Amino acid sequence: MMHQAPTLTNVIKKEIPFYDTDAIRVVWHGNYLRYLEDGREAFGKQYGLEYMHIFDSGYYAPIVDLHVKYKKTTTLGDTLVIETKYIPSKSAKLMFEYVIRRESDNEIVLEAETTQLFLTREGKFELSSPEFLVKWREKIKNLH
């Protein structure tokens with residue numbers, strides 16, 4: 001499931017709030033998708049690829065492929081460490097890998113991958129890399 005050495009990584013922490021748990025205080029599986037989004041948003045802020053930048057450039061970036069491997073449960077009060085890694089691609093898409101760990105014991109609780117394509121405001125998929133993405137890729141080459 002995992003790719004070779006992604007180039008850019010962001011790490012954030014999130015404490016599990018009460019409203020993300022079910023009757024037995026275990027995090028409901030669907031909430032992890034929001035945590036992946038938290039990771040992508042933090043990645044975008046760190047590396048200049050915010051959702052509003054994509055939107056202001058005339059595009060949406062819907063997720064078209066998602067793979068999730070649940071490994072452990074988490075519960076109320078746990079702190080998660082969410083690692084988001086950018087997977088380089090020459091295609092008109094964004095790919096990320098995620099590892100979510102429980103901070104208290106460093107256990108991996110989830111591994112995931114997402115792929116996002118670009119959709120114009122008119123609702124058509126962009127088959128070539130949008131100009132903002134080409135510029136962003138050039139900029140990140142200097143971050144290595």
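What follows is a short walk through the sheet, the helix on it and one buried residue.

This is a predicted model, so to speak of local features a pLDDT of at least 70 is needed, side-chain atom pairs count only at pLDDT 80 or more, and totals for chains, interfaces and linings use all residues. Residues are numbered from 1 along each chain as its sequence is written, and side-chain values use heavy atoms, leaving out hydrogens and water. The protein chain has an average pLDDT (the predictor's confidence in each residue, from 0 to 100) of 93, and 94% of the residues score at least 70. Over residues 2-6, pLDDT stays under 50.

Five strands (DSSP runs of E, at least two residues, numbered from the N terminus) make up an open sheet in the order E1-E4-E5-E6-E3, with antiparallel pairing (at least two DSSP bridges between two strands). At its edges sit E1 (8-15) and E3 (63-70), each paired on one side only. E5 (residues 93-102) and E6 (residues 108-117) share nine bridges in the antiparallel sense; Phe96 has Thr114 in E6 as its bridge partner.

Helix H1 (residues 31-47; helices are DSSP runs of H or I, at least four residues) packs on this sheet, with contacts (heavy atoms within 4.5 Å) to E1, E3, E4 (79-87), E5 and E6.

Gln116 belongs to strand E6. Its relative accessibility is 2%, which is why Gln116 counts as buried (under 20% relative accessible area, with a 1.4 Å probe and protein chains only). A polar atom of the Gln116 side chain lies 2.8 Å from the backbone oxygen of Ala61. Beyond four places in sequence, Gln116 touches residues including Arg40, Tyr51 and Phe96.

Note on methods
Axes are lines fitted to C-alpha atoms, for helices over the stretch in contact, and angles run from 0 to 180 degrees between N-to-C directions. Buried means under 20% relative accessible area, exposed over 50%, partly exposed in between (1.4 Å probe, protein chains only). A polar contact is a pair of N or O atoms within 3.5 Å; within protein, one must be able to donate a hydrogen and the other to accept it, and residues adjacent in sequence count only if both atoms are side-chain atoms.
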